[in-house]
Amino acid sequence: MTYVAGGGCGSGVGSRKAAARRAARRRGARTAAVLAVPVAPWLCYPFMHATGSAGRRAGERLRGGARRGAAARRAAGRANVELSIKLDNPQKAAMLFGPMDRHLRMIREAIGVQIFAREGQVKVTGSAKNVSRAAAVIERLQRGLRHDRAITVDAVAEAIGAAAAERDSQVSEALDVYASGEVITAKTAGQKQYIDAMRKHDLIFCTGPAGTGKTYLAVAVAVHMLKHQQAKRLILVRPAVEAGEKLGFLPGDMQAKVNPYLRPLFDSLHDMMDFEQIRRFMANDLIEVIPLAFMRGRTLNESVIILDEAQNTTVAQMLMFLTRMGHGSKVIVTGDDSQIDLPPDVPSGLLDARGRLSGIKGLSIVRLKSTDIVRHRLVQNIVAAYADNPPGGDSDVAV
């Protein structure tokens, strides 16, 4: 009898087992391939046990849904606004819109808004800033129609350019600081003049009543320059003079003694930077808040140096302070000449410097008025009442 090697019943069973093992290995490889797809952890669980192409399709569907959800959330964050503008003279609508609404298309494409004309009105839809710009363009064109000016393609282009220039001017006048989303701008014509002076000159004197933003805007300009690497350090200085009362000896070390006098400078800083950032900048000597008495003998280069409450400096102290100015530095001196807390026989260094130095090239002297007060609405009235009948001598109190 002849036997064939590997034949028989046992051979058939072994072959089936080997085939089953190979199939299992193939399934395992496909499962591993599916699980290796690089997706976010919260998307993995639903197809942990899926295999082959079915698992891949499931993963793609889940990832596609996540992408669509993120896009929807982003679109929701860019909510549009709609503005209806009434036409001054609907009979001149064709002149305003142009042939085949050409002028409206120019505005739409240049500014990025949707414009619809209907029943004597123009509806503008888009982001708030773009809608505002488009409305300014349409108002400018309507003003031209009121003066019987022809609305041409060039006139529309000029109006669009003027709106863009106005927007750029507003952006350039803003002071962005470290606080997230915080942008500081002038609220009055006097404040705008003050900011312009600080940008253009290296030595600025600013006087005015309480609440006009003398110190706040000076700190804003300094923080803006620090953020944009236009200065390497910010030095905030104040004379340690009581406001009409004697406090006697204060407890604590030197820092604890002078801290109450410097507190208003920290208040301004906290509006523009968070606490940890201020602490870190002070630890690294990027920001320094010190009493005027500690300025002697120093030379400060590439710094913004602000002297607050300068009306309470003596003539000698003012001379000492101004001569600390080094190369590439900017010095801003602020004070309220109606709130001098020096003894009656001691002249104010601020008033003396303002008289001595006026007319020097590169120096600017700005005077803010009661109309520039931006505190509570009652502050203007309070300042005016005290100006009409000023208190005498030691009864002056800082506001």
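This report looks at one arginine and at two nonpolar cores in a predicted model.

**Arg146 and its surroundings**

Let's begin with Arg146, which sits in helix α5, a helix covering residues 128-146. Is this residue buried, or is part of it exposed? Arg146 counts as partly exposed because its relative accessibility is 45%, and the partly exposed range runs between 20% and 50%. Setting aside neighbours within four places in sequence, Arg146 is in contact with Asp88 and Glu139. With Glu139 there is also a polar contact, side chain to side chain, at 3.1 Å. Asn89 makes a nice example of sequence and space telling separate stories: Arg146 and Asn89 are 57 residues apart in sequence, yet their C-alpha atoms are 8.7 Å apart.

**The largest nonpolar core**

Now turn to the largest nonpolar core, which has 36 residues. Which members touch the most others? They are Tyr194, Met198, Leu234, Leu269 and Ile306. Several helices and strands each supply at least two residues of this core, including those in the table.

| Element | Residues |
|---|---|
| α7 | 189-200 |
| β6 | 203-207 |
| α8 | 214-227 |
| β7 | 233-238 |
| α9 | 254-270 |

The biggest contribution comes from α8, with nine residues.

Met198 gives a closer view. Leaving out neighbours within four places in sequence, Met198 is in contact with Ile204, Leu217, Ala218, Val221, Lys330 and Ile332.

**A second core**

Apart from this core lies another one, made of 24 residues. Among them are Leu87, Leu96, Leu141 and Ala159.

Key: Residues are numbered from 1 along each chain as its sequence is written. This is a predicted model: local features need pLDDT of at least 70, side-chain atom pairs count only at pLDDT 80 or more; totals for chains, interfaces and linings use all residues. Side-chain values use heavy atoms; hydrogens and water are left out. Helices (H or I, at least four residues) and strands (E, at least two) are DSSP runs, numbered from the N terminus. Buried means under 20% relative accessible area, exposed over 50%, partly exposed in between (1.4 Å probe, protein chains only). Contact means heavy atoms within 4.5 Å. A polar contact is a pair of N or O atoms within 3.5 Å; within protein, one must be able to donate a hydrogen and the other to accept it, and residues adjacent in sequence count only if both atoms are side-chain atoms. A nonpolar core is a set of buried Ala, Val, Leu, Ile, Met, Phe, Trp, Tyr and Cys residues joined through side-chain atoms within 4.5 Å.
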